[in-house]
Amino acid sequence: MTAPEEVFDLVVVGSGIAGQATATAAAEAGLSVVLLEKTDTLGGSSAMSGGWFAFTGTDEQSAKGIEDSPELFLKDMLGLGRNLNDPALLEAYLAHQEATYRWLKAHGVVFREVEISSGQSARRSHNSVIKDVLALLRDACTEAGGQTRLEHRAIRLTTDTSGRVTGVVTRTPAGEVVFTGRAGVVLATGGFSRGTQLLKIFAPEQLAAIPYGGKGNTGDGLRMAWKLGAGMADMSFVSGTYGSHPETGEDFHELLTAYYMGAIIVNKDGRRFTDESQDYKTLGRVVLDQPDGLGFEVFDAKVRAQSHPGIPLKDIDMVEELGHLYRADTLHDLAEAAGLDPAALRETVDRYNAAAAGAAEDEIGRTSLCNGVGELLPIDTPPYYAYPAKSLMTTTYCGTTINANGQVVDVDGDVIEGLYAAGEVTGGFHGAAYMTGTSLGKGAVFGRIIAAHAAARTAEGRPTDRSMREHARAS
């Protein structure tokens, strides 16, 4: 029996920021669009994120007198990625990021905080209430005529006799349905933080991290593109993010980066083991080598006073209210409460304080709070605090290779016609590590790039109706 077929200009698979931005921009450009979501809830991993977007040249930066530039942004990205990033993707991002920022604001998005975070040498992480962002875009997409279908799991791509991708077969509660896209199919299916089999292949050590991310993030899109010969990038750099309590659940985003505010990180023996100013994906890798994969963020009252209530990564109040924070008037009592070696913790803090005062070199080589910015702060003002944290497997940040238009390219670098990809399912953008805000940022930026490219191709009359009828491999 032939599966029923629905035809649109563009078929978008996945409802996180990448999928929603693509669908909204495409609908607003006049395309008929359908957004397919595997689960019964919209948002994917984006809805579980901290809501940070990395932009430069913004009104919020200007209001706070923050000095930043596209050139510095690019330098940070290349340095963080160890120059393994695809320069064409970075250039595309920087060319379109300010317009994307203003597009989001025009849709009612509010950026309530601008902070420095992982991999940045300037404050360029703009915080939003991410569920509000997704809802605003969804409403705009619907108003522009876009359609959304829940519980539609994409299981394979369809192609015509030339190999061009023409659509996708979905499994729904009512059976299989084929969605054909005149301008193509966009994979915005997220990564594979929940994909045990793919983690075993590409990053088996990350199975020790706390599983997180959208429940639909099992790597479906990556597998479908891989089957058509798509190239892959950054697969060896998969890592969880350091900073989540061992009892972290899925209800909300509990991730604390007090180390960028002045904390140190020690293991259960009370010893430091890495430079805390590194990006939190690198920290997420190295903490797995410590006893029980556990590191304690240790800080004093000065850092505690910097808490930003309601702001992910910096909300110390929240973790204390949850009962996840140890507190004591002396380092000895703090160590005993947290199960650390009191003498070792005292020695560790004394050595760190000497380095902060300029009396000695830091034993780990730390010279800043975050990526070369911020002076070390002595841990000397009671009360003292300790936050036990592990690596959280939130996102994989690797996958299919794409060009600057968001088109998927195969292992030889040739475009797979009719197939686009955006967001976490793609590789090549981040390189070796991740900068806070560039995940949501690239999802929105490349979503709009793809929408514009698909709209232009549709206006040119490609592909033809005849070629669309040739998607003979639909089943």
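## Strands β3 and β5

In this predicted model, β3 teams up with strand β5 (residues 125-127) in the antiparallel sense, over three bridges. You can pick out one spot in the pairing: alanine 54 sits opposite serine 125 in β5.

## The sheet they belong to

There's a third strand here too. The order is β3-β5-β4, the sheet is open, and the pairing is antiparallel. Because β3 and β4 (113-115) stand at the edges with a single partner strand each, one side of each has no neighbour in the sheet. On average, neighbouring strands of this sheet are turned by 30° against each other, direction ignored. As for what holds such things together, strands of a sheet pair through backbone hydrogen bonds.

## Helix α5

Now for α5, which covers residues 130-143. At 1.5 Å a residue, its 14 residues should span 20 Å, and the end C-alpha atoms are indeed 20 Å apart, so the two agree. After the helix comes glycine 145, with a positive phi near 100°.

## Two sides of α5

Which residues of α5 are buried? They are Ile130, Val133, Leu134, Leu137, Ala140 and Cys141. These cover an arc of only 130° around the axis, which puts them on the same side of α5. The general pattern helps here: an α-helix has 3.6 residues a turn, so residues three or four places apart point the same way.

Flip to the other side of α5 and you'll find Lys131 and Glu143 exposed. And what covers the buried residues? The cover includes α1 (17-28), α4 (87-106) and α13 (438-459), along with β3 (52-54).

Technical notes:
Residues are numbered from 1 along each chain as its sequence is written. This is a predicted model: local features need pLDDT of at least 70, side-chain atom pairs count only at pLDDT 80 or more; totals for chains, interfaces and linings use all residues. Side-chain values use heavy atoms; hydrogens and water are left out. Helices (H or I, at least four residues) and strands (E, at least two) are DSSP runs, numbered from the N terminus. The expected span of a helix is 1.5 Å times one less than its number of residues. Buried means under 20% relative accessible area, exposed over 50%, partly exposed in between (1.4 Å probe, protein chains only). The arc is that of the directions from the helix axis to the C-beta atoms. Contact means heavy atoms within 4.5 Å. Two strands pair if DSSP finds at least two bridges between them. Axes are lines fitted to C-alpha atoms, for helices over the stretch in contact, and angles run from 0 to 180 degrees between N-to-C directions.
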